[in-house]
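Colleague: Please take a close look at one part of this model, its aromatic rings. Describe the part in words that a first-year student can follow.

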Amino acid sequence: MSRTYRFGEFRLLPARRELWRGDVQLSVPPRAFDCIVYLVEQRDRAVGRDELIAAVWGKAEISDGLLAQTVLAMRRAFDDTGKEQHYIRTVVRFGYHWVAPTVATDEEPAPPVASATSVEAQPAGAIAEATAPAMEPAPARTGSRRGVTVAAAAGVLVLALLSGVAWWNTRLARAPAPHAPAATTIALVLPVEVTAAEGADWIRLGLMDHIAARLRSAGLPVVPSDNVVVLTGAARRTGSGSAAELARAAGASLVVEAHAERVEHYWRVRVHTVLGRTPAADGNGEADDALVAARIAADDLARRLGYVPLAVAAATPGDRSALDALLQQAEAATLSDRLDDARALLARAPADQRAQPELRLRLAQIDYQAGDFDAAEAAFTAIARDVSVEQDRVLHARALSNLGVIAAMRGNNVAAAGRFDEAIALLRGQGAPDALGKALNGRANVAGAMDQTELALQAFAEARTAFESSGNLLALALVDSNLAALDMRRERYAEAEPVFQRAADRFATFGVHAAELNALTAVAELRVALLQPDAALALEPRVRDVAAQVSDPARQRDAELTTLFVLFANGREQEIDPRLAAVLDAAVREGNRAAQARAHALAGHLALERGDAAHAADEAAQSLALFTAVDDQREHARVHMLRIEALLGRGDRAAATVAAAELATFASRAGSPAARMYADFAQARTTSDDEAAGTWYARALGEADALRIPLDLREVATAYAGWLIERGDPARAAALAERVAGFAARDFGSALLQVRVQQSKGDEALWRNALARAQALAGERRIPLALASPPTVAASR
């Protein structure tokens, strides 16, 4: 039975991810729930801040704001306060301690029927269109650990993109071009070369972004400035970065350079094409204000390229030049990853400027990026309320889209879906493809989390089209990652693998190493599951190189463990032992439960491969104790199966039968097709009734066929064929072996099955061929002595 914790009027059921207050089930943000569970489980001691972060977030550092918001959500669930601290006590300069008297039981009561009540308050003053009912507690996800991991990493990236460059400039972004040539040219504007001018450090990126916005408003698709900053930064690190290389990386066909200099009391800006046009075209501008000079030069270039610039009156009504300059300086600071400087610039603005919606939107985005989600949510809600659709359709939509991001981050997918839907409807046909793409991508992720697969696929396809039209290749890489993660959650591994590969290559182009590493390790794991261990091993040098450039210890542990599983699949066992011990030690120090679970699972597989069933059973049990409800359900089920096989290997059928029942209970709660398949497989392996075993084997085989994951099919087919051979039915065993015969040229387990079948059929020539193939793939693995004997010898035993 699952563990239940009782404290006061509350009941906490970690396995079901439920928190009850009397007869009412509460809805708690996912991270807050995980923190509550961890503190309750460690209630006999205080938990350090770093330990809690590593255990729940799986990394060494998050912002203080994010941790503070999570603790606040935890306390809200219990009507606790920072002053009273009846449940969670703050240990000054250390961390937190669960102090409520708590009773743990192994009897899980049936939950009473009640409607869910959200403990998260709806945003104060939320407009009717943005308000959605509190979300019901989400059912257990059926996805893979890798799908969850990549989606989480991609989620971090999408939040950054949603807070991205030039959102304040809605006047330029929303205006459809009055004219555009038929050619599908995409321009890339490089950072501006600046002749030294005191106090003008922001010019390099600020004018770049302003020139790009002016060209975009004239109808020329331009690579987003955040893409350019990432690309040029990566180019500097690698020593490359010619105009042709940058254009190829960004998918651009036209490259624009700019130079700005202060001449006496005015600015002179020159922009010119350096790639993609013969003869080159240029534009020039002079004005007292650098932004005005850049605007004149950009408009001049647009005309020479055959575009019609947006009318100046529409772009800068009234006396907005000071506000525009301030916002562009803040944008430059944001592009340089100097959020504090950007905030300080905006905070010093006069009151009339701070009241402008564009400045308020930018400040709200900075609050979000800094982890102050409550402040950001309140600000976005106020903007959506104060700026009507009639006043500024695009800015209103962007505020809603940001609210959708925050709702999704907090696990309130129903509210997030509503806000994304409103934003998408407002953005269609408004000439703002990048903003539309981001809203669509957010909606697709929410749909995937709600098991609305067709809607998710449609939204991803539309997001891809929008990003392609805006030249945003970094966002396209994000779409690829999210789409592949959705395929992985749907257990469509063959479809997910090439999409993850494409995403990894795009992230590599931009030098986004953490996202690249997550995608690469996903590809490696998928190739192992697809019985392509040699192809997975071919990625090892690249994984190692990229991991060295990532500072997050959790991602490094994850990549190292994936590499060790790949080595195991290739029979290179001697390389694993010392590295596995080092990873496990580090994971224990960091409190990284997910890494510990994976490490113990691999140790169990190694022990079983080496014939030490008792050790394998112990390692599997330790792994299972470390799994959480949000971990990969397929892998969770496979570790259950590892324990069952180990118990059978040491001759303890009774314990194996009990373990099979535990797996069946887990599978019924998880709802994952893979978990159900392994549960049925376990019943076949542990029952002593031949007729029942045959039924269970047939059922598990059909489920494995439907899943289309070769590793699962091989596991079931191997055991089922062996069972048939033991019962004197080699013909049916041979038919089963055919299901994985296509993998026998590269996968040791599949090759070994062919050896056993040919031996049972008594065909010595075919047996020798199969044995030679298995020996070539064995690596350091041993071929069982019984299979190494010719059919005639084996039959005589």
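**A tryptophan and its surroundings**

Modeller: Trp98 is buried, with a relative accessible area of 2%; buried here means under 20% relative accessible area, found with a 1.4 Å probe and protein chains only. The model is predicted, so local features need pLDDT of at least 70 and side-chain atom pairs pLDDT 80 or more, while totals for chains, interfaces and linings use all residues. Numbering starts from 1 along each chain as its sequence is written, and side-chain values use heavy atoms, without hydrogens or water.

Aromatic pairs come to 15, a pair being two rings of Phe, Tyr or Trp (its six-membered ring) with centres within 6.5 Å. Trp98 forms one of them with Phe78: the centres are 5.5 Å apart, the planes meet at 75°, and the pair is edge-to-face (planes over 60 degrees apart; under 30 counts as stacked, the rest as tilted). This pair links distant parts of the chain, 20 residues apart: Trp98 belongs to strand S7 (residues 95-98), whereas Phe78 sits in the loop between helix H3 (64-77) and strand S6 (88-91). Helices (at least four residues) and strands (at least two) are DSSP runs, numbered from the N terminus. Phe78 is also buried, at a relative accessible area of 3%.

Another pair makes a useful contrast. Tyr368 and Phe373 are tilted, with 5.0 Å from centre to centre and 55° between the planes. Both of these residues are buried.

Back at Trp98, the ring is part of one aromatic cluster together with Phe7, Phe10, Phe78 and Tyr87. Trp98 and Phe7 also appear among the residues that touch the most other members of the largest nonpolar core, which has 133 residues; Leu12 is another. A nonpolar core is a set of buried Ala, Val, Leu, Ile, Met, Phe, Trp, Tyr and Cys residues joined through side-chain atoms within 4.5 Å. Helix H16 (residues 393-409) gives the largest share of this core, 9 residues. There is a second, separate core of 46 residues, including Met641 and Leu648.

Leu12 touches Phe7 as well, along with Leu19, Phe33, Ile36 and others, when residues up to four places away in sequence are not counted. Contact means heavy atoms within 4.5 Å.

As for the whole chain, 56% of its 797 residues are buried. Its secondary structure comes to 37 helices and 14 strands. Of the contacts with a separation of 6 or more, 63% join residues 24 or more positions apart.

Technical notes:
Buried means under 20% relative accessible area, exposed over 50%, partly exposed in between (1.4 Å probe, protein chains only).
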